[in-house]
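Colleague: I should like to learn how to read the domains and the nonpolar core of a protein model. Could you guide me through an example?

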Amino acid sequence: MNAVRIENVQVTPSEPDPVLGYRKYQFGSFTFERDAYFVHVRWPKGMHTIEVDRFLRAMVRDIGWGFFYGWIFFDDVFGTQNHYGTVDIFAGTYSKGHRDTKVDFLETFNTADVAAAFETISVNWINEGYDPLRAPLETGSPLGPKTKEASGPLIRGFKPASRMMGLPGDVSPRSDASGHPINRAFADLKFDKPVIEPEPGFEGQIHAFNLYDHIARADVTWNPSFTSITRACICCVTSEEHMLPVIHGNDRNEWFIQLTDEIHWNIQDKNTGNPRGRIVMKSGDVCAMPADIRHQGFAPKRSMLMVLENGTPGLQEKYAKGELEPFPITAKRW
Amino acid sequence: MSYKTAVASLSSYEKGTIELNDDLRHYAFSNIFEVCNKSRPYERVMVVSNLEYAAEAVRAEGTSPWYTAPHDEFAIVMDGEIEFTFFQLTDAEKPTHKAGAIRLQADPKGKRMGRVIARRGHEVLLPTGSAYQLKAAKPSVALIQTSMGPESVEKWSQICVLK
């Protein structure tokens, strides 16, 4: 494996393509070029092609998630790994064929540099009418030549709560007033508010809100928002429709709680990508995603998913060194 | 096109499937409603465990003991209706253990802070520094985001799919 750390690098744009209008970008040793249908990633000794919708859906989420916990595979070949301060961009590093033929490549950059580069590329390559954070049924096509650059927020998540959504001074849940109507897929549900009756002097200390209403109003898919945090235990909720446009490789254990409907998960070995099987989660199901897998979800209907993360700093190193077992319930607890 | 959202309950749930060439214990696959159908009222059964952190599935039925924890907890009502009552802890009642819920040995002696009535989909803060009690006229379900503590019950072999 070739691994190089690049300090303080900026993305370099080409002139716009005379036919399609998009710019090509150089970042470290990687070049990124798009045409009407595909993105072509090149690196010393190799190149790889990804369908443009999949690439853009993955890229905007990778930025929005802050490169998330662990590995984000745009597909089986290309992706990023978060080291919390630096980010690897890799090509073929986790693909046996690429490694065997020694065309795999990896460079490490400062996180801010990768975020700036990916954002620059996304802005140039996303046309008005196409929103990669929306479900495919709710947005236009990314195909074809450059038209007008999209003007709205391309990379939008939801500002994370610091303690609990809706508390005084913390972030507010989505609402009609915030411009988030109930999504069409949850129009059959009724949403009411909890009754909150604080005694005088305890206003703001007794608190509740309708979590399902907040999720049902999401205008993005596969894009979690933090709703409640106790110590380093983070509750994220998200609405999921169509497919998770990345394959997530865990650097720690995480837990999924299926609140409504169902999601089908493909599970692979983290290092080799070999299939381990599949999990179908239905409403009320709970399942761990161990630290030694990759997973990708498919949601036939928009559904509500809760994810519980352990955000303890440095945890990824303990799993990587084998100081912690890569699954949550150790043998003696069974 | 109209959609039909599937939301399970104590009386109606359909568990998913797990088909893996791996040790299924590593995935600890369970269903909250199945767990609560087999639980005693207010048994706090762990369905999530992530090092010191946990989520507990609770069958709310009748009136619970009084609980407190040395940190915030959060309850999400998954089915039914639950009333949560809160009292401020006196200094003598403040927990001395490290994490998770613990049962108070007597009714709380501090000021009443208020109450919340929550139904399916509502998330309720169980704030640090308070004692709380749950009350449900009919069997209901809450999932509590917390840490593993003295009240946490582990019975993974009974609740998880193993083959």
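Modeller: Certainly. Please keep in mind that this model is predicted. Let us begin with chain A, whose domain assignment gives domain 1 (3-138) and domain 2 (184-333).

Colleague: How far apart do the C-alpha centres of domain 1 and domain 2 of chain A lie?

Modeller: The two centres are 25 Å apart. As for contacts, 20 residues of domain 1 of chain A meet 22 residues of domain 2 of chain A.

Colleague: Which elements give two or more residues to the side of domain 1 of chain A that touches domain 2 of chain A?

Modeller: They are helix 1 (52-64) and strand 7 (71-73) of chain A. Helix 1 of chain A gives the most to that side, with five residues. By residue class, the side of domain 1 that touches domain 2 divides into eleven nonpolar, three polar and six charged residues.

Colleague: Now to the core. Why might one look for nonpolar residues gathered in the interior?

Modeller: In soluble globular proteins, nonpolar side chains tend to be buried together. Here the largest nonpolar core has 141 residues, and B:Ile32, B:Val47 and B:Ala142 touch the most other members.

Colleague: Which strand of chain B gives the most to this core?

Modeller: Strand 11 (residues 130-147) of chain B does, with eight residues. The core also draws at least three residues from each of domain 1 and domain 2 of chain A.

Colleague: What does B:Val47 touch, leaving aside residues up to four places away in sequence?

Modeller: Its contacts include A:Val286 in chain A, and B:Ser30, B:Ile32, B:Val35 and B:Ile159 in chain B. B:Ala55 and B:Ala57 are also touched by B:Val47.

Conventions:
Residues are numbered from 1 along each chain as its sequence is written. Chains are lettered from A and ligands numbered from 1 in the order in which they are written. This is a predicted model: local features need pLDDT of at least 70, side-chain atom pairs count only at pLDDT 80 or more; totals for chains, interfaces and linings use all residues. A nonpolar core is a set of buried Ala, Val, Leu, Ile, Met, Phe, Trp, Tyr and Cys residues joined through C-beta atoms within 7 Å. A residue is buried if 20 or more other C-beta atoms lie within 10 Å of its own, exposed if 12 or fewer, and partly exposed in between; C-beta atoms are placed from the backbone. Helices (H or I, at least four residues) and strands (E, at least two) are DSSP runs, numbered from the N terminus. Domain bounds come from an automatic or database domain assignment. Two residues are in contact if their C-beta atoms, placed from the backbone, lie within 7 Å. Ala, Val, Leu, Ile, Met, Phe, Trp, Tyr, Cys and Pro count as nonpolar, Asp, Glu, Lys and Arg as charged, and the others, Gly among them, as polar.
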